[in-house]
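Q: I'd like to learn how to read a model like this one, feature by feature. Can you walk me through it?

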Amino acid sequence: QVQLVESGGGLVQPGGSLRLSCAASGSIFSINAMAWYRQAPGKERELVATITSGPSTNYADSVKGRFTISRDNAKNTVYLQMNSLKPEDTAVYYCNVKSYSRSWTYRDDWGQGTQVTVSS
C-alpha cells in the first residue's frame, strides 16, 4: 500500500502564491515520476506538471513561468509552488505518484485532492 497526503491548498487572491505538498509513504522502493493534476468544476482532470527521477520537468502551457514542481527524494515528497495565481487556476489539485515496491510491483497512486481557490 502507498499513502499520499496532500497539504497546502486554500483561498488566495489573484496574483498571490501557494505551495502544495504531497508526501508519499508505505511500500515504496523506488519512485519514478511524480505529478500534479487539477480538476475544475465541470471540467476534466488535466495535467499541470510532472517531474521524473532525472529529474526532468514538464508543464502545461497554462502554468509555464508561474508554477514550479520539485521533489525531495529523501522525504518522498513532491511540491508545487504556484505564483501569480489567476482565478482560472481554481480547482482541486491532485498529486500522482508512479512507484515500484520492493517486489518491483508497479503502482500508480493518487492523493485525496486539495482545493485551491483564487478569488478576490
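Q: Let's start with strand pairing. Which residue in β6 does T50 stand opposite?

A: T50 stands opposite N58 in β6. Before going on, keep in mind that this is a predicted model, where local features need pLDDT of at least 70, side-chain atom pairs count only at pLDDT 80 or more, and totals for chains, interfaces and linings use all residues. Residues are numbered from 1 along each chain as its sequence is written, and side-chain values use heavy atoms, with hydrogens and water left out.

Q: What counts as a strand, and when do two of them pair?

A: Helices (H or I, at least four residues) and strands (E, at least two) are DSSP runs, numbered from the N terminus. Two strands pair if DSSP finds at least two bridges between them. Here β5 and β6 run antiparallel and share three bridges, in a hairpin with five residues between the strands. On its other pairing, β5 joins β4 in the antiparallel sense over five bridges, with M34 opposite I51 of β5. The β4 and β5 hairpin has six residues between its strands, and G42 there takes a positive phi near 75°.

Q: How do I read a whole sheet, and which strands sit at its edges?

A: Read off the strand order, then look for strands with a partner on one side. One open sheet has four strands in the order β1-β3-β8-β7, with antiparallel pairing. Its edge strands are β1 (2–7) and β7, each pairing on one side only. From one strand to the next the twist averages 15° (axes are lines fitted to C-alpha atoms, for helices over the stretch in contact, and angles run from 0 to 180 degrees between N-to-C directions). Zooming in, six bridges join β7 to β8 (residues 77–82), and T68 has Q81 of β8 as its bridge partner.

Q: How many disulfides are there?

A: In general, a disulfide is a covalent bond between the sulfur atoms of two cysteines; the cut-off used is a pair of cysteine sulfur atoms within 2.5 Å. This structure holds one: C22 to C95, S to S 2.0 Å. C22 lies in β3 (residues 18–26) and C95 in β9 (residues 91–100), so the bond ties together parts that are 73 residues apart in sequence. Both C22 and C95 are buried (buried means under 20% relative accessible area, exposed over 50%, partly exposed in between, with a 1.4 Å probe and protein chains only).

Q: Which residues of the largest nonpolar core touch the most other members?

A: A nonpolar core is a set of buried Ala, Val, Leu, Ile, Met, Phe, Trp, Tyr and Cys residues joined through side-chain atoms within 4.5 Å. The largest has 30 residues, and W36, L80, M82 and Y93 touch the most other members. Elements giving two or more residues to this core include β4 (30–39), β5 (46–51) and β11 (114–118). Contact means heavy atoms within 4.5 Å. Outside four places in sequence, the residues M82 touches include L18, L20, F67, Y93 and R66.

Q: Is R66 buried or exposed?

A: R66 counts as buried, because its relative accessibility is 10%. R66 is in the loop between β6 (57–59) and β7 (67–72). A polar atom of the R66 side chain lies 2.8 Å from the backbone oxygen of S62. That fits a polar contact: a pair of N or O atoms within 3.5 Å, where within protein one must be able to donate a hydrogen and the other to accept it, and residues adjacent in sequence count only if both atoms are side-chain atoms.

Q: What does the side chain of R71 reach at 2.9 Å?

A: The backbone oxygen of T52. The R71 side chain also makes a polar contact with the side chain of N73 at 2.8 Å. R71 is in strand β7, and at 16% relative accessibility R71 counts as buried. Beyond four places in sequence, contacts of R71 include M34, I51 and V78.

Q: Which backbone oddities should I check?

A: Look at omega and at positive phi. The peptide bond from G54 to P55 is cis, with omega near 0°, and P55 sits in the loop between β5 and β6. N76 has a positive phi of about 50° although it is not a glycine; N76 lies in the loop between β7 and β8 and is partly exposed at 24% relative accessibility. S84 likewise has a positive phi of about 50° without being a glycine. S84 is in the loop between β8 and β9 and is partly exposed, at 40%.
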